[in-house]
Amino acid sequence: MVRGGEINIGTCLLINGNPHIVVEREFVSPGKGSAFARVKAKNLKNGNVITQTIKTADYVEDAQVELVDCQYQYSDGENFMFMNNETYEQFGVPISVHEDKTPYLKDGETYTLVMWENEPIDIKIPYKMIFTVVESENYVRGDTVSGATKPVTTETGLVVRVPLFIKQGEKILINTETNDYVERVND
Amino acid sequence: MAMTIEIMKERSRIVTRTREFFLARDYLETDTPALAPSLIPESSLEVFETKFVHPYQKGFPLYLIPSPEVWMKRVIAETGQNVFQLCKAFRNAESIGRIHNPEFTMLEYYTVGANSRDNIELTEELFSALSGEETPQQARPPFARMTMAEAFREFAGLDLDALHEIPAMRDALASKALLAPAEAPWEDLFNILFLSCVEPELPADRPLVLDEYPKEIVCLARDIPGRPCKERWELYVSGMEIANCFAEMATQDAVATYFVSQEEKKRGALVPHNVDHSYPEIFAAFPACSGVAIGFDRLCMALLGCKSIDEVLYFPFTAFVGADTRL
């Protein structure tokens, strides 16, 4: 069980028997009322986002989850296919529920999967990740405005803005929460 | 984003115009203590405690006021005057974030002989006087008006008048697939429904007065005779709760009963405080009056089109404790 006041973004709640991950949370105190946590939580079975309001002092059921390192292998169009790094067991995570993760999944990369009752319910994306630039507009020589940026596309289809000196084929470090460029990575 | 010098000047202009507005209407400006040896019990608030110390004598606890209303009502009881005040107020255990700072500025004004409807008009006039070129349409009067029952009908499709019993309220929550904790009092169930289904849908194209709060939410507003409501409204601007208005509960017995109910609820407070038990006595002879309390920092945000309270405070609390501690 978890108290309303302890809920954070990423907390896994069990609502009507289904695991939900909290994607937004704000504390609200209606005039002359107690404090409540108003949360938006995504049903990890069907992707539906619901609103729940929980008094900060009240308990709600949280989902007992397990974290497992898995390698991302490929997408079969319906599922992201992963392999458990320890047991080599292969399984799919439905794309329809986790479509927003698509631009952060790199073939062969290891991710932490959130397992609930032996089923994968969420994919944790590292805070910072290295990507390769596969598409980049040509740098126009002479454009010396300081801080100028241009959009580039990574091998996963992610479009980010980077400084003009970044060239196609180079590797860049990206903050995956904001999609901001952090730095160029040299091999 | 930090407060700019331009916003600092604008805020100063709003303060000056606020004073001019009330002084021109012959309201008495009060300047009451921020430190009090006792407070009235309000179960929805946690306070900050400090203490008076003396090197050789016994000290005593003091509390930073969560609102100046108690002092101001004493002035009204003793003088019968309309009063206003701009001052610091302090609330503990609330969020630190986009619209919250533990220390904030409160604007309160009380009008003798007025009801809460009169105060809507006065507040609209205040907004007109304070609006500038930069004030967005969403913060400009006239205010839209809606009763709580109308808001429930419109945004939740529910008849609030049919929900005054706990089982009916639980059914309503179930119909919206909302979690309803066992044993929850009616007020909590109401708030869950309101905060989940109604408040996020409130129109924000101009300020909205949400009127006639249910009588089950205990507060110092008087009952509307023959109706299950209190003479109380809250003002929302851009979806943000910015002000509340009570036509004051002004009988000694009613205030004393309120004290008992709140002291009961305050047993689990994180910061217990001394209670001023003499306070209900001022209502032995208290004029009919209606008062408004406005979160002045939020008012500045609304009038200046700012998105965060940090934009209207030069030293916001997040600057002391780091943005990561936003709650």
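Two strands count as paired here if DSSP finds at least two bridges between them. Keep that in mind for the strand stops of this tour. The model is predicted.

**Stop 1: a hairpin in chain A**

Select strand β10, residues 110-116 of chain A. Is the strand mostly covered or mostly open? Mostly covered: five of the seven residues in β10(A) are buried.

Now add strand β11, residues 119-124 of chain A. It runs antiparallel to β10(A), and five bridges join the two. For one of these pairings, pick A:Trp116; its bridge partner in β11(A) is A:Glu119. β10(A) and β11(A) make a hairpin, with two residues between the strands. Stop at the turn and click A:Glu117. Its phi is positive, at about 50°.

Next, show strand β7, residues 66-75 of chain A. It is also joined to β10(A), by six bridges, and the two strands run antiparallel. Label A:Val68 and look across to β10(A): A:Leu113 stands opposite.

**Stop 2: a four-stranded sheet in chain A**

Which strands form the open sheet of four, and in what order? Select β2, β3, β4 and β5 of chain A; they lie in the order β2-β3-β4-β5, with antiparallel pairing. Colour the edges: β2 (12-15) and β5 (49-55) of chain A each pair on one side only. Look along the sheet for its twist, which averages 45° from one strand to the next.

Zoom in on β3 (residues 18-28) and β4 (residues 36-43) of chain A. Eight bridges join this antiparallel pair. A:His20 gives a landmark: its bridge partner in β4(A) is A:Asn43. As you step along a strand, remember that in a regular strand the side chains alternate between the two faces of the sheet.

**Stop 3: a chain B helix on the chain A sheet**

Keep that sheet on screen. Add helix α6, residues 186-198 of chain B. The helix lies across β3, β4 and β5 of chain A. Against β5(A), α6(B) runs at about 150°.

**Stop 4: a three-stranded sheet in chain B**

Move to chain B and select β2, β3 and β4. These three strands make an open sheet in the order β2-β4-β3, paired antiparallel. Its edges are β2 (35-36) and β3 (48-52) of chain B, each pairing on one side only.

Start with β3(B) and β4 (residues 60-64) of chain B: five bridges join them, and they run antiparallel. Click B:Glu49 and find its bridge partner in β4(B), B:Tyr63. Then turn to β2(B), which two bridges join to β4(B), again antiparallel. There B:Leu35 stands opposite B:Leu64 of β4(B).

**Stop 5: helix α1 of chain B and its contacts**

Select helix α1, residues 5-24 of chain B, and helix α8, residues 296-304 of chain B. Their axes come within 11 Å and cross at roughly 115°. α1(B) and α8(B) are therefore roughly perpendicular to each other. The crossing is right-handed. Show side chains: B:Ile7, B:Glu10, B:Arg11, B:Ile14, B:Val15 and B:Thr18 of α1(B) meet B:Phe296, B:Asp297, B:Cys300, B:Leu303 and B:Leu304 of α8(B). Colour this contact by class and you find seven nonpolar, one polar and three charged residues.

Swap α8(B) for helix α3, residues 116-130 of chain B. The axes of α1(B) and α3(B) come within 9 Å and cross at roughly 135°. That angle makes α1(B) oblique to α3(B). This crossing is right-handed too. From α1(B), the contact uses B:Arg13, B:Ile14, B:Arg17, B:Thr18, B:Phe21 and B:Phe22; from α3(B), B:Leu122, B:Glu125, B:Leu126, B:Ala129 and B:Leu130. The classes here are seven nonpolar, one polar and three charged residues.

**Stop 6: one serine**

Stay on α3(B) and select B:Ser116, which lies in that helix. Is B:Ser116 buried or exposed? B:Ser116 has a relative accessible area of 1%, so it is buried. Which residues does B:Ser116 contact, leaving aside its neighbours within four places in sequence? They are B:Glu231, B:Trp233, B:Cys245, B:Ala247 and B:Ser290.

How values were computed: Residues are numbered from 1 along each chain as its sequence is written. Chains are lettered from A and ligands numbered from 1 in the order in which they are written. This is a predicted model: local features need pLDDT of at least 70, side-chain atom pairs count only at pLDDT 80 or more; totals for chains, interfaces and linings use all residues. Side-chain values use heavy atoms; hydrogens and water are left out. Axes are lines fitted to C-alpha atoms, for helices over the stretch in contact, and angles run from 0 to 180 degrees between N-to-C directions. Angles under 35 degrees count as roughly parallel, over 145 as roughly antiparallel, 65 to 115 as roughly perpendicular and the rest as oblique. A crossing is left-handed if the near helix is turned anticlockwise from the far one by less than a right angle, and right-handed if clockwise. Contact means heavy atoms within 4.5 Å. Ala, Val, Leu, Ile, Met, Phe, Trp, Tyr, Cys and Pro count as nonpolar, Asp, Glu, Lys and Arg as charged, and the others, Gly among them, as polar. Buried means under 20% relative accessible area, exposed over 50%, partly exposed in between (1.4 Å probe, protein chains only).
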